[in-house]
Structure formats: structure tokens, C-alpha cells
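Open the model in your viewer and keep the sequence panel visible. The stops below say what to select and what to look for at each one.

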Amino acid sequence: MAEHAKRSPAVIEVSPASSDQESILANLLELYAHDFSEFHDLELGADGRFGYKHLPLYWREPNRHPFLVRMDGKLAGLVLVKRGSEISGNETVWDMAEFFVVRGYRRRGIGTKTAHEVWRRFPGLWEVRVMESNDSAHQFWARAISAFAGETIHSVCVEKRGEPWRVFSFESKGMP
Ligand SMILES: CC(C)(COP(=O)(O)OP(=O)(O)OC[C@H]1O[C@@H](n2cnc3c(N)ncnc32)[C@H](O)[C@@H]1OP(=O)(O)O)[C@@H](O)C(=O)NCCC(=O)NCCS
């Protein structure tokens, strides 16, 4: 049997990040911001970093939840979850604040598995926002959310601070 045929499927771990892992998240957020800077107006600071000023809040505020994603033990991405809608102000809604899979590991199902795992952990109403210009992420979310919900979920257009966004709303029933 060929070597690749014997390989077992990758193990995806989505683990809460502790405060001593803040610098790991900060490093991954730089890669994420760099990706976004291709189609969104983001500027580097004088130190050569984009920075993410809300990151420390993820260990100070109980309604924020930071995660690291690993594939077969190797760092593969990050997820930041917070409570409170950025659209309606509904404070009970879960918001996917940031979501990132590193480039070398994309299109292997890691994003989908990670998102499903996160939605199962936080039952209730969810919103996933995507910038209108981020067409590939929109396609990803449409597929991942509809598979999770078991029905087609369409996004709606909203404008926030003068910018066009698409928002998916759906419910998680938690762990099966
Ligand atoms: C969007 C992102 C999270 C997808 O992660 P991923 O691990 O590659 O996603 P998956 O492998 O689970 O993709 C599942 C399906 O989503 C769709 N999809 C994923 N990436 C896509 C892309 N670049 N273009 C079009 N469709 C895409 C495809 O239907 C894909 O299935 P296929 O590979 O069988 O065609 C990743 O590309 C990323 O981190 N992008 C930069 C950050 C970002 O935009 N985050 C979202 C902010 S709203």
C-alpha cells in the first residue's frame, strides 16, 4: 500500500488559549491581518506589526473566548469568539469575531471542522459576519453554516460604519 494511503485522517484540535499563549495568538493575528490587508484598508504600525488591540480582553472579559487550532499537533489557525451582536446589539448572540486557517493548511476541511466544533461548544444564536469584499470567505461560510444547520442559510447585507458586510444568522443546539 502506498505511504499516503496508509495515513490516518488529520486530527484537528480546537483548544482554549491560556493567557500565557497570548503571544502565539498575537503572532497568528499578524498573518491574518496581512491576508486581510490585500483587500481591506489595514496599515502597519511603525513597529512593522498590524497589532490587535482587543487581544488582552480575551483573558479579562468572561464573554470572550480565544482558541488555538492544531492539525496533528501543529499550529494551524485561531478562533476568537465573543458574546454580543455587532449588528443588532442583542447581547446574547454569539459572534465569530476572528477566524483564520494558515495558508498552507487550507482546503483540507480544517476550517469547517473547527467552525462546527466551536458552534457546538456555544449553543444559542450565532452571527457570522464577512466583509462583502471577502468573497472566498463568504463561499466558505455559506457551505460550513448550511452543513451545520442542515439547511441552506443565506446571508443578508448590512452596512456597518459605512462598509458593506454580509451576515449569516443561525442557531446552534450545542453538543449532539
Ligand atoms: C476562509 C478560511 C477560514 C477557510 O478555511 P479552510 O480550512 O480552507 O476551509 P475548508 O477546507 O473547510 O473549506 C470548505 C469549503 O469552503 C469553500 N471554500 C474554502 N475556501 C475557499 C476559497 N478560497 N474560495 C472558494 N471557496 C472556498 C469550498 O467550498 C471548500 O470546499 P472544497 O475545498 O471541497 O472546495 C481560510 O481560507 C482563511 O483563514 N482565510 C483567511 C481569513 C478569513 O477570511 N477568515 C474569515 C473571516 S470572515
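The tour starts at the ligand, moves to a pair of helices, and ends with single residues in loops and in one helix. Bear in mind throughout that this is a predicted model.

**Stop 1: the ligand**

Select the ligand and the residues around it, 19 in number. Which of them come nearest? Those are Arg106, Gly111, Thr112, Ser136 and Ala137.

Now colour the shell by element. At least two of its residues come from each of α2 (22-36), β4 (94-101), α3 (110-121) and α4 (135-149). Helix α4 supplies the largest share, five residues. Recolour by class and the shell around the ligand divides into eight nonpolar, six polar and five charged residues.

**Stop 2: α3 against α4**

Hide the rest and show α3 and α4. Their axes are 10 Å apart, and the two helices pack at an angle of about 50°. An angle between 35 and 65 degrees is neither roughly parallel nor roughly perpendicular, so α3 and α4 count as oblique to each other. Their crossing is right-handed.

Next, show the side chains at the contact. On the α3 side, select Gly111, Thr112, Ala115, His116 and Trp119. On the α4 side, select Phe140, Ala144, Ala147 and Phe148. Sorted by class, the residues of this contact are six nonpolar and three polar, with no charged residue. Gly111 and Thr112 appear in this contact, and they are also among the residues that come nearest the ligand.

**Stop 3: Arg49**

Go to the loop between α2 and β2 (64-71) and select Arg49. Is Arg49 exposed, partly exposed or buried? It has 14 C-beta neighbours inside 10 Å, so it counts as partly exposed. Leaving aside residues up to four places away in sequence, Arg49 touches Glu30 and Leu44. Draw a distance from Arg49 to Glu30: the C-alpha atoms are 6.8 Å apart, with 19 residues of separation in sequence.

**Stop 4: Arg143**

Keep Arg49 displayed and add Arg143, which is in helix α4. The C-alpha atoms of Arg143 and Arg49 are 32 Å apart, and the two residues are 94 apart in sequence. Arg143 is partly exposed, because 13 other C-beta atoms lie within 10 Å.

**Stop 5: Phe122**

Select Phe122, in the loop between α3 and β5 (124-131). What does Phe122 touch, not counting residues up to four places away in sequence? The partners are Val81, Trp94 and Ser172. Add Gly174 to the view: from Phe122 to Gly174 is 6.1 Å, C-alpha to C-alpha, across 52 residues of sequence. Phe122 counts as partly exposed because it has 15 C-beta neighbours inside 10 Å.

**Stop 6: two positive phi angles**

Finish with backbone torsions. Most residues other than glycine have a negative phi. Select Asp72, which is not a glycine yet has a positive phi of about 45°. Asp72 lies in the loop between β2 and β3 (74-83), and its 12 C-beta neighbours inside 10 Å make it count as exposed.

Then select Arg161, in the loop between β6 (156-160) and β7 (163-172). Arg161 also has a positive phi of about 45° without being a glycine. With 5 other C-beta atoms within 10 Å, Arg161 is exposed.

Definitions and conventions: Residues are numbered from 1 along each chain as its sequence is written. This is a predicted model: local features need pLDDT of at least 70, side-chain atom pairs count only at pLDDT 80 or more; totals for chains, interfaces and linings use all residues. A residue is near a molecule or strand if its C-beta atom, placed from the backbone, lies within 6 Å of it. Helices (H or I, at least four residues) and strands (E, at least two) are DSSP runs, numbered from the N terminus. Ala, Val, Leu, Ile, Met, Phe, Trp, Tyr, Cys and Pro count as nonpolar, Asp, Glu, Lys and Arg as charged, and the others, Gly among them, as polar. Axes are lines fitted to C-alpha atoms, for helices over the stretch in contact, and angles run from 0 to 180 degrees between N-to-C directions. Angles under 35 degrees count as roughly parallel, over 145 as roughly antiparallel, 65 to 115 as roughly perpendicular and the rest as oblique. A crossing is left-handed if the near helix is turned anticlockwise from the far one by less than a right angle, and right-handed if clockwise. Two residues are in contact if their C-beta atoms, placed from the backbone, lie within 7 Å. A residue is buried if 20 or more other C-beta atoms lie within 10 Å of its own, exposed if 12 or fewer, and partly exposed in between; C-beta atoms are placed from the backbone.
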